Amino acid sequence: MFVKNAWYNAGWDYLFTQSQKNSLTQAKGALVARKIAGERVVLYRKPSGAIVALEDRCAHRQAALSLGQKEGDNIRCMYHGLRFGPDGKCNEIPGQDHIPSKACVRAFPVVERDNWVWVWMGDPAKADEKLIPHAIGPSHPDWNVKTSQMHVNASYRLEIANLADLTHLVWVHRDTLGAPDPMTREKYTHIKPTFTMLPNGMRTEYVVRKSPISTFLSHLFPPGTLFDLHFDVTHTIPCTWVLHFRVHIADDRDEGAPTGPMIADTWTSQAVTPNDAESVDYYYSWGAAKHCEFPGLSELLRDNLDDAFTEDRQVLEAQHIRVSERPNFQTVSIIHDAGPSKILRLLDEMLRAEAGDGAATNSTAAHAEPAMA
């Protein structure tokens, strides 16, 4: 169901410096519970600031460590007091001196980058930091990026398909990212994207030419002004979607890169993290380059994403219910399914490859010669 040998996003870095009282402290309650790709994880910062990610399941009776407390580098289960170090090994059991070797919980590799916290859910020996997707975070000196997040009760496969097809902007997002006028609908429904497959994702690039600006920005420009909108998307598996979005005054060309004056240069970085088969956590941002920003633009972009993704959430949650009710329903394919089909096919290939590796490993182990005494 999930690719395990991959980096999954656990949220924005500032979410892991907050206590349960919502203050920026190193309080004992500063424990963050997540469910990532079917696994329960608890994250916390050591006094040094480094983040720890452990299985959120005490080795004693499966109590939630996220309901425990921090003690220096350690975390203590507040059911019977077992204390675990950042390596996952129990280092104290109140009332007994002997600590069984099995008294441990899984420790996950964890990395902070671009203001996101990444957790490796598979084999720790394969945790290659070079596989962490590129993004533009709010600490980048050249961009004014604003962040947000949302929970969606829908399958991550539906989210992946949704992000791989932006023709839905003029239907789902007609009052936000898109526009309801016939010209805009005509432009988006005739998008001709260029797809480039990557080892762990897909790059999609296209230009929407001589189009009105999105509804949420229309009050900033004279009526009738037309623009060339340049979309450059890198979509990675498991679920990261990063868009370099630029807006130009429309030129007189019909092909190639826009040449008119650029009035907006922006990045939106988005991560869809599956909790399980039924829900996802969605972490996203949008912001403009400081060299061409005007006051309030990045806030406007971020706030509009909150509105637009609420529109998406309503559609996807209703879709998820119906897919769950009739999983064998024979759907009809249309021209706009090209992007979703490509990225979901890659996901399935990665799932099969990982399952094959597991089967090969198990087979080798099953047929290994017994060790000599």
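Here is a walk through a few residues in this predicted model that stand out for their charge or their backbone geometry.

Let's start with Asp165, which sits in the loop between helix H1 (156-163) and helix H2 (169-172). This acidic side chain is buried, yet it has no salt bridge. Where would a partner come from? The nearest side chain of opposite charge is Lys342, and that one is 13 Å away. A salt bridge here needs a side-chain nitrogen of Lys or Arg within 4 Å of a carboxyl oxygen, so Lys342 doesn't qualify. What Asp165 does touch, leaving aside residues up to four places away in sequence, is His336 and Pro340.

Now for the backbone. Most peptide bonds are trans, and most residues other than glycine have a negative phi. With that in mind, have a look at the loop between strand S14 (227-236) and strand S15 (240-249), where you'll find Pro238. The peptide bond leading into Pro238 from Ile237 is cis, with omega near 10°.

Phi gives us two further stops. Gln62, in the loop between strand S4 (51-55) and strand S5 (69-71), has a phi near 65°, a positive value in a residue that isn't glycine. Gln62 is also exposed, at a relative accessible area of 53%.

Lys210 isn't a glycine either, but its phi is positive too, at about 50°. This lysine belongs to strand S13 (residues 201-211). Is Lys210 buried or exposed? Neither label quite fits: Lys210 is partly exposed, with a relative accessible area of 24%.

Note on methods. Residues are numbered from 1 along each chain as its sequence is written. This is a predicted model: local features need pLDDT of at least 70, side-chain atom pairs count only at pLDDT 80 or more; totals for chains, interfaces and linings use all residues. Side-chain values use heavy atoms; hydrogens and water are left out. Helices (H or I, at least four residues) and strands (E, at least two) are DSSP runs, numbered from the N terminus. Buried means under 20% relative accessible area, exposed over 50%, partly exposed in between (1.4 Å probe, protein chains only). Lys and Arg count as positive and Asp and Glu as negative; His and the chain ends are not counted. Contact means heavy atoms within 4.5 Å.
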